[in-house]
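Subject: Structure for you to look at, with notes

Dear colleague,

I am passing on the structure we talked about, together with some notes to read alongside it. Please have the sequence and the 3D view open as you go through them.

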Amino acid sequence: MRKAFLPAAMGLAGIMIAMTSPALADVKAGVDAWTRGEYRKAVEEWRPAAIAGDADAQFNLGQAYKLGRGVPVDMAMAESWYRKAALQGQIEAEANYGLILFQNNKREEALPWLEKSVARGEPRTQLVLGTMLYNGDGVTRDWPRAYALVVRSAASGQPRASEVQAQMDQYIPIADRQHGLALARQYEAEAQRPQLPPEIAGQGSQVAMQGTDLPPSSYSQGGGAEPTVDAPRPVRRPPVVVAQAPTRTPPPVVTAAPPVRTAPIVAGGRWRVQFGAFRDEGNARGLWAKLKGQVGALSGLQPYFLNNGGSLTKLQAGPLASPADASRVCAAVKPTGTPCVPVAP
């Protein structure tokens with residue numbers, strides 16, 4: 001199977017070309033043009049080969065449409081070309097197809113492609129599937145496996161994975177985290193390498209461009225939702241019951257700092273804080289009403305109930321002038337037991 005890497009929008013690094021067919025020659029000519037910054041010419045070289053069924057050319061067209069190089073940004077076209085290449089077994093296309101389906105809120109369609117890529121140790125898909133498993137977002141919630149995948153992604157240096165792992169550390173019980181670490185070591189041993197980077201360069205025809213890091217810190221293209229750790233919903237996990245409503249069992253012992261007086265918080269700006277995501281918007285609104293009455297630092301802030309057409313509604317509050325102001329708001333919210341995470345502009 002052909003496999004090759006060229007960093008998107010960057011220079012070639014050790015590219016080896018196996019000239020085995022005219023279609024392959026066209027794809028290589030497109031890669032050369034892309035490297036020179038001649039993006040439109042690259043697309044013109046790839047399109048006939050892609051239409052003829054060349055998987056590398058199809059993947060490269062998907063990259064061009066996702067990045068808006070040589071053609072306008074068109075996430076639907078990018079998804080279509082990734083799919084054609086993925087169905088032929090193009091490894092980078094399988095990963096990017098799963099990721100773009102997730103970005104476009106097509107969770108059930110994304111899952112089998114993410115699983116295939118995760119099985120190869122791809123850090124981007126490990127991060128996305130890990131957050132899905134944590135949140136129960138389109139899959140059965142599995143905290144140990146979620147933690148294991150995010151740990152492996154972070155160990156590979158994937159952007160944002162360490163931040164997501166730190167958020168999970170706040171919510172996942174230590175027993176589940178220990179189980180997750182054992183799974184992470186198992187995945188590492190199965191891979192027979194200390195880290196799990198993307199597929200190794202130097203194999204195959206070397207005429208497909210490597211996927212850019214996805215997900216980034218925010219999705220500016222396509223309106224997809226960033227994979228974030230949502231606050232855990234009430235679930236029964238013996239022997240401890242975590243629930244917002246009163247229960248007949250004694251609540252878990254929680255050591256929390258007493259409420260403190262925070263420095264003045266400056267409203268305005270583009271920063272916000274997020275309290276979680278809810279399948280029922282009414283629950284998000286109910287939590288906001290409860291917090292507004294308990295936390296004085298929220299006075300003067302307005303709520304945001306964000307739903308990008310998916311099944312979850314995110315509850316955020318703002319605007320705030322700086323990350324320090326967002327952190328002070330979260331510090332004021334902490335005694336209530338409600339998770340609070342600063343959200344960058």
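To begin with the cysteines: are C330 and C340 buried or exposed? Both C330 and C340 are buried. Please keep in mind throughout that this is a predicted model, and that what follows was computed from it.

The disulfide

C330 and C340 are joined by a disulfide, with the two sulfur atoms 2.1 Å apart, and the count of disulfides by the rule applied here is one. As you will know, such a link is a covalent bond between the sulfur atoms of two cysteines. The torsion about the S-S bond of C330 and C340 is about -70°, and the disulfide is therefore left-handed. C330 belongs to helix α12 (residues 323-333), whereas C340 sits in the loop between α12 and β6 (341-343), so the pair ties together parts that are 10 residues apart in sequence.

The hairpin and the cis peptide bond

Strand β4 (residues 302-306) and strand β5 run antiparallel and are joined by five bridges, and one of the pairings is that of L306 with K314 in β5. The two strands form a hairpin with six residues between them, and in the turn G309 has a positive phi of about 90°. Strand β5 (residues 313-320) is mostly covered, since seven of its eight residues are buried. When you inspect this strand, please look also at the peptide bond between G318 and P319, which is cis, with omega about 0°; P319 lies in β5 itself.

The nonpolar cores

In soluble globular proteins, nonpolar side chains tend to be buried together. Here the largest nonpolar core has 57 residues, and the members that touch the most others are W46, Y97, M132, Y134 and M168. Helix α8 (residues 143-155) supplies the largest share of this core, with eight residues. A second core, separate from that one, has 20 residues, among them V273, A284, L287 and L320. To return to Y97, if its neighbours within four places in sequence are left aside, this residue is in contact with E79, Y82, R83, A86 and W113.

Two positive phi angles outside glycine

Which loop holds N105, and what is its phi? N105 is located in the loop between α5 (91-103) and α6 (107-119), and its phi is positive, about 60°, although N105 is not a glycine. With a relative accessibility of 26%, N105 counts as partly exposed, because that class begins where the buried class, under 20%, ends. R160 also is a residue other than glycine with a positive phi, in this case near 80°, and its place is in the loop between α8 and α9 (161-171). R160 has a relative accessibility of 15% and therefore counts as buried.

A pair to find in the 3D view

Finally, you may wish to locate A49, which is in helix α2 (residues 39-51) and is buried, with a relative accessible area of 4%. Between A49 and D26 there are 6.9 Å in space, taken from C-alpha to C-alpha, while the two residues are 23 residues apart in sequence.

With best wishes

Technical notes:
Residues numbered from 1 in each chain as written. Predicted model: local features only at pLDDT ≥ 70, side-chain atom pairs only at ≥ 80, totals over all residues. Heavy atoms only, no water. Core = buried A, V, L, I, M, F, W, Y, C linked by side-chain atoms within 4.5 Å. Buried < 20%, exposed > 50% of the residue type's maximum accessible area, 1.4 Å probe, protein only. Helix = DSSP H or I, 4+ residues; strand = E, 2+ residues; numbered from the N terminus. Contact = heavy atoms within 4.5 Å. Disulfide = S-S within 2.5 Å. Pairing = 2+ DSSP bridges.
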